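Trainee: Could you go through this structure with me, and explain for each term how one can tell that it applies?
Mentor: Gladly; let us put the structure in front of us and take the terms in turn.

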Amino acid sequence: MANNQDLFDLFHRKLREMWFAEKKIHASLPKMANAAQSDALRAAFKKHEADTQRQMSRLGTIFGLIDRSAKEEASIALTALLDECMEAAVKFKNSSALDAALIAGAQAVEHHEIACYGALKAWAGQLGMKEATGLLDETLTEEKDTDEALTQLAEDMANPKARKDDDESRRRAHRSASAA
């Protein structure tokens, strides 16, 4: 039996998933910012909250361009990634590795978004949607920039702090074991 779904239907479905995703991310970013230990990571999450608002606006514009209402479709993958990130915030609360855990979780979300927006951009191009392609490219660029900024924070601040504290903990444990 033939399925009458085509590339436009796939595009529309993924667009609806990303509408859902951006709304969930927008709601999660303040929680992530509150959980962060460093001011730099808190600021990065707050900046991405503003970026996410613009991305939602762009998605709304694209829905208008294709003459469809902005209706969301749940994304199991995105929900799981956000849940994992928030779980890490709880598990590593008051730990020197908290910011590293938050960054890793946020980057998993960013990588998912990069993959989805890359596909949407390619499909929009195939469908001859020049304006939508441009809007999706703007969002894709922002997502890649956010990922790079998070990598920089991890390398410059969060990972070294977690490692330094881990090394000190191991040295204390070793001294305690040797003294016993």
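Trainee: How many helices and how many strands does the protein chain have?
Mentor: The protein chain has five helices and zero strands, where helices (H or I, at least four residues) and strands (E, at least two) are DSSP runs numbered from the N terminus. Read from the N terminus on, the elements run α-α-α-α-α. Before we go on, please keep in mind that this is a predicted model, in which local features need pLDDT of at least 70 and side-chain atom pairs count only at pLDDT 80 or more, while totals for chains, interfaces and linings use all residues. Residues are numbered from 1 along each chain as its sequence is written, and side-chain values use heavy atoms, with hydrogens and water left out.

Trainee: What makes a set of residues a nonpolar core, and which residues have the most contacts inside the largest one?
Mentor: The name is given to buried Ala, Val, Leu, Ile, Met, Phe, Trp, Tyr and Cys residues joined through side-chain atoms within 4.5 Å, where buried means under 20% relative accessible area, exposed over 50%, and partly exposed in between, with a 1.4 Å probe and protein chains only. The largest such core has 42 residues, and those with the most contacts inside it are Phe11, Leu15, Leu41, Phe45, Leu102 and Leu120. The elements that give two or more residues to this core are helix H1 (7-35), helix H2 (39-65), helix H3 (76-91), helix H4 (98-126) and helix H5 (130-179), and H4 gives the most, with twelve residues.

Trainee: Which residues is Phe11 in contact with, leaving aside its neighbours within four places in sequence?
Mentor: Contact means heavy atoms within 4.5 Å, and with those neighbours left aside Phe11 is in contact with Ile62, Ile66, Leu120, Trp123, Ala124, Leu127, Met129 and Leu136.

Trainee: What makes the pair of Glu72 and Lys23 a salt bridge?
Mentor: A salt bridge is a side-chain nitrogen of Lys or Arg within 4 Å of a carboxyl oxygen of Asp or Glu, and the side chains of Glu72 and Lys23 meet at 2.8 Å, N to O, so the pair fits the term. Glu72 lies in the loop between H2 and H3 and Lys23 in helix H1, so the pair ties together parts that are 49 residues apart in sequence. By this rule the count comes to 13 salt bridges.

Trainee: Why is Glu72 called partly exposed?
Mentor: Its relative accessibility is 35%, which lies between the limits for buried and exposed, so Glu72 counts as partly exposed. Lys23 is also placed in between, with a relative accessible area of 37%.

Trainee: How far apart in helix H3 are Glu87 and Lys91, and what joins their side chains?
Mentor: Glu87 and Lys91 are four residues apart in helix H3, so they are separated by about one helical turn, and their side chains meet in a salt bridge of 2.9 Å, N to O. Glu87, at 42% relative accessibility, counts as partly exposed, whereas Lys91, at 60%, counts as exposed. Elsewhere, salt bridges that share partners join Lys47, Asp51, Arg54, Arg58, Glu138 and Glu142 into one network.

Trainee: How do you know that Asp147 has no salt bridge?
Mentor: Lys and Arg count as positive and Asp and Glu as negative, while His and the chain ends are not counted. For Asp147, which is buried, the nearest side chain of opposite charge is Lys144 at 9.4 Å, so the salt-bridge limit is not met. Asp147 is found in helix H5, and a polar contact of 2.9 Å joins its side chain to that of His111. A polar contact is a pair of N or O atoms within 3.5 Å; within protein, one must be able to donate a hydrogen and the other to accept it, and residues adjacent in sequence count only if both atoms are side-chain atoms.

Trainee: What about Glu143, and which side chain of opposite charge is nearest to it?
Mentor: Glu143 is found in helix H5 and is buried yet has no salt bridge, the nearest side chain of opposite charge being Arg58 at 7.4 Å.

Trainee: Where is Asn94, and why is it called exposed?
Mentor: Asn94 is found in the loop between H3 and H4, and its relative accessible area of 72% is over the 50% limit, so it is called exposed. Asn94 also has a positive phi of about 65° although it is not a glycine.
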